[in-house]
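Morning, everyone. I have one model to show you today. Here it is.

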Amino acid sequence: RRGQPGTMAGAGGGGDLQFVDPTDIEEGEFGAEPVPEMRSQVTLTNAICHSSHPVAAFFHVAFKIAAIVVYILGLDFVMSFVVLVLLLSFDFWTVKNVTGRLMVGLRWWNHIKEDGTNEWVFESHKGTREVDALDWRIFWGGIFGGFAVWAFLLVIAIIKFNFQWMLLVIVALALSGANIYGYLKCNTDAKKQVTGFVTKNLGAAVMSTMLAPGSSAAR
């Protein structure tokens, strides 16, 4: 049973003061606030660890963060230029050839034909594999988030008239933008393929039902 607080007599009078166990205080009494339940913190580290492809998810994010950190520190332009170009190249290659295929089942590339013309190829996974929701968020959040940060840094460089560093930001935006464009095209083609597959199979199922021996349409 919960203890009841005692009363204290007036000035000069004696009285008993009964202390209440804080754990027995019910919600809403004495200004007590309900204790929130401990919930697992959703952090980038936890998301990567729980990903279906943690190694790919790590490098998908790590190269982007490393490049942004190197740019913000900006200790030496020549050294930063070399390191940034390497990190941006690693990130571009990783996203284009590894993480897109593993995490969301998409891939794109540019093919040069024999006549010298360029052909853009966009592919999506044609099997029954479902894309993990966490992988999907990490992948798209990474490429769009990185692009947004570089766009913000470009505005800062323009305001400060820092044209040297602006060149690096433009390179980063160009590489990030190429991956975004390629994967958006892949995603659009994948949705069209799914819609066409469903429509084709639904139509075949309806026709087979109508033409079944026992159906009224076949009589």
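I'll go through two helices and then a pocket. Keep in mind that this is a predicted model.

Start with α3, residues 77-103. At its start, a side-chain oxygen of D76 comes to within 3.3 Å of the backbone nitrogen of V78. Follow the helix along and you meet a kink of about 45 degrees, centred on V95. V95 is also one of the buried residues of α3. Others in that buried set include D91, T94 and K96. Just past the helix, G105 has a positive phi of about 65 degrees.

Now α4, residues 133-159. Here a side-chain oxygen of D132 reaches to within 3.0 Å of the backbone nitrogen of L134, at the helix start. How far apart are the end C-alpha atoms of α4? They are 39 Å apart, and that agrees with the 39 Å expected for 27 residues at 1.5 Å each. Buried residues of α4 include I138, F139, W140, W150 and L154. Just after α4, F161 takes a positive phi, about 55 degrees.

Last, the second largest pocket. Its volume is about 200 Å³. Which elements give two or more residues to its lining? They are α2, residues 54-73, and α4. Among the lining residues are Y71, I72 and L73, along with L153, I156 and A157. Two of these, L153 and A157, are on the buried list for α4. K160, N162 and W165 line the pocket too. By class, the lining has seven nonpolar residues, two polar and one charged.

That's the tour. Questions, please.

How values were computed. Residues numbered from 1 in each chain as written. Predicted model: local features only at pLDDT ≥ 70, side-chain atom pairs only at ≥ 80, totals over all residues. Heavy atoms only, no water. 1 Å grid on protein atoms, 1.4 Å probe; cavity = no way out; pocket = protein on both sides within 12 Å on 5 of 7 lines; lining within 4 Å. Points joined across faces, edges and corners; volume = space filled by probe spheres on them. Helix = DSSP H or I, 4+ residues; strand = E, 2+ residues; numbered from the N terminus. Nonpolar A, V, L, I, M, F, W, Y, C, P; charged D, E, K, R; others polar. Expected span 1.5 Å × (residues − 1). Buried < 20%, exposed > 50% of the residue type's maximum accessible area, 1.4 Å probe, protein only. Polar contact = N/O pair within 3.5 Å; in protein donor to acceptor, adjacent residues only side chain to side chain. Bend = angle between axes of the 7 residues up to and from the residue.
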